[in-house]
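These entries record what I looked up in one structure, taking contacts between side chains in turn.

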Amino acid sequence: MKRAVLAVTAVAAALVAPAADAAQPVRFATFNASLNRAAEGELVADLSTPDDPQARKVAEVVQRARPDVLLLNEFDYAEGGAAVDAFRANYLAHGQGGADPIDYPYAYTAPVNTGVQTGMDLDKDGTIGGPGDAYGFGVFPGQYGMVVLSKHPIGEARTFQRFRWVDMPGAQLPDDPATPQPGDWYSPEQLAALRLSSKSHWDLPIEVGGRTVHFLTSHPTPPAFDGPEKRNALRNHDEIRFWADYVSPGRGRYIYDDAGVSGGLAPGAPFVIAGDQNSDPVDGDSNGARQILSAPRVIDPLPGSAGAVEASLAQGGANADQRGNPYFDTGDFNDKAPGNLRVDYVLPSAPLIPLRAGVFWPASNDELARLNDASDHHLVWADLLN
């Protein structure tokens, strides 16, 4: 009998204890951290000391969620990665609010289209210059930029900052309602220069356990702040479509990157689409996110939070009229319109296996609810087996 008990115990231990070489899950995340500032150089100045209140909260959110690979949206670009280095050294490397420090030995950032002037009157306000005449809305080059932090090596990036909107087959180009010609809001000269991405689109190969996972990151323009021509809403749709085409075999042949290489992602390559898409699949002004949710091999791990449900009920307003489940909301927006929405996504592809996912939005009875105002967006994460 004793021998039998020992045998059963050994079997149970084998079932509970993972094998030494068992694959470990990797946590991918996205967070629109709202670390954007009104003037060039201001973010670098704020992060050069360890006492910026907002940056401390953002860092603590990251330290509590502890992603292995993280996209930060709305993180102003600074030449040479100065802002990224300062954030890692002065904030993430020091425990915030009782959380443990977190180290990201690898980082990637690059120029974006926001604030880069076109020299043309894109917004038709009668003047040339200003944020509405940039390739992407911004007061200075790099405002609302992006950065990826990783515990795993980042390979050679493929960027699509300069891909032209007009080069997308069937592009939803805005129409001037005052003229009979379709798709003529922009002049031929403007269309010849206008870029699709309001910030940039990046394909970053992340080396995880000897395999490559393509981290497909972007931040499409909000589908608002325009007129009856809907230039921002249409651009949002096509910015999201870019990744849907990129990962769909045969649909990405038209795509070219900033190095002049054409074509989409290699068939079967594992990927994770991540970022603030500024689009809810059900509510709000753009439902373009449906394009990536229904793209080939994409798995929606359906991250959610109790805090989002509580906020929707407590805030009321537009939230009461929405059709989507508030459990999946990631953005805490104006309660009159549009209300809280699901706009931030971490979408893995097969053969990656999602184990669990969530939105960092603590309910009011949680001590960590003090971090909910770090940004009007909440960090979204998914644990994946490669």
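Entry 1: a salt bridge within a helix. I looked up Arg88 in this predicted model and noted a relative accessibility of 22%, so Arg88 counts as partly exposed, the class between under 20% and over 50%. Its partner is Asp85, and the side chains of the two meet in a salt bridge of 2.9 Å, N to O. Asp85 has 39% relative accessibility and therefore also counts as partly exposed. I placed both residues in helix α4, where they lie 3 residues apart, about one turn of the helix.

Entry 2: further salt bridges. My search of the whole structure gave 17 salt bridges. I then took up Arg37 and Asp46, whose side chains meet in a salt bridge at 2.7 Å, N to O. Are these two residues buried or partly exposed? Arg37, at 10% relative accessibility, falls under the 20% limit and so counts as buried. Asp46, at 22%, counts as partly exposed.

I next examined helix α6, which spans residues 231–247. There Arg241 forms a salt bridge with Asp245, and the closest N and O atoms are 2.8 Å apart. Because Arg241 and Asp245 are 4 residues apart in helix α6, about one helical turn separates them. I recorded both Arg241 and Asp245 as buried. I also noted a network in which salt bridges with shared partners join Glu60, Arg64, Glu367 and Arg370.

Entry 3: aromatic pairs. I turned to the rings and recorded 15 aromatic pairs in the structure. For Phe28 and Phe215, the ring centres are 5.4 Å apart and the planes stand at 55°; the angle is neither under 30 nor over 60 degrees, so I entered the pair as tilted. Which parts of the chain does this pair link? Phe28 belongs to strand β1 (residues 26–35) and Phe215 to strand β7 (residues 211–217), so the pair, 187 residues apart, links distant parts of the chain. Phe28 and Phe215 are both buried.

I then looked up Phe75 and Phe87, an edge-to-face pair with 5.8 Å centre to centre and 65° between the planes. Phe75 lies in strand β2 (residues 69–75) and Phe87 in helix α4 (residues 82–92), with their positions 12 residues apart in the numbering. Phe75 has a relative accessible area of 1% and is therefore buried. Phe87, at 2% relative accessibility, counts as buried as well.

I also followed the ring pairs that link Phe160, Phe163, Phe242, Trp243, Tyr246, Tyr254 and Tyr256 into a cluster.

Entry 4: charges over rings. I noted Lys124 over the face of Trp185, at 4.2 Å from the ring centre. I noted likewise that the charged end of Arg195 sits over the ring of Tyr135, 4.0 Å from its centre.

Entry 5: cavities. I counted 3 cavities of 30 Å³ or more. The largest cavity holds about 40 Å³ of space. Which residues line the largest cavity? I listed Phe31, Val61, Phe360, Leu371, Asn372, Ala374, Ser375, His377, His378 and Leu379. I sorted this lining into 6 nonpolar residues, 4 polar residues and no charged ones.

Definitions and conventions:
Residues numbered from 1 in each chain as written. Predicted model: local features only at pLDDT ≥ 70, side-chain atom pairs only at ≥ 80, totals over all residues. Heavy atoms only, no water. Phe/Tyr/Trp six-rings, centres within 6.5 Å; stacked < 30°, edge-to-face > 60°. Helix = DSSP H or I, 4+ residues; strand = E, 2+ residues; numbered from the N terminus. Buried < 20%, exposed > 50% of the residue type's maximum accessible area, 1.4 Å probe, protein only. Lys NZ or Arg CZ within 6 Å of the ring centre and 35° of its normal. 1 Å grid on protein atoms, 1.4 Å probe; cavity = no way out; pocket = protein on both sides within 12 Å on 5 of 7 lines; lining within 4 Å. Points joined across faces, edges and corners; volume = space filled by probe spheres on them. Nonpolar A, V, L, I, M, F, W, Y, C, P; charged D, E, K, R; others polar. Salt bridge = Lys/Arg side-chain N within 4 Å of Asp/Glu carboxyl O.
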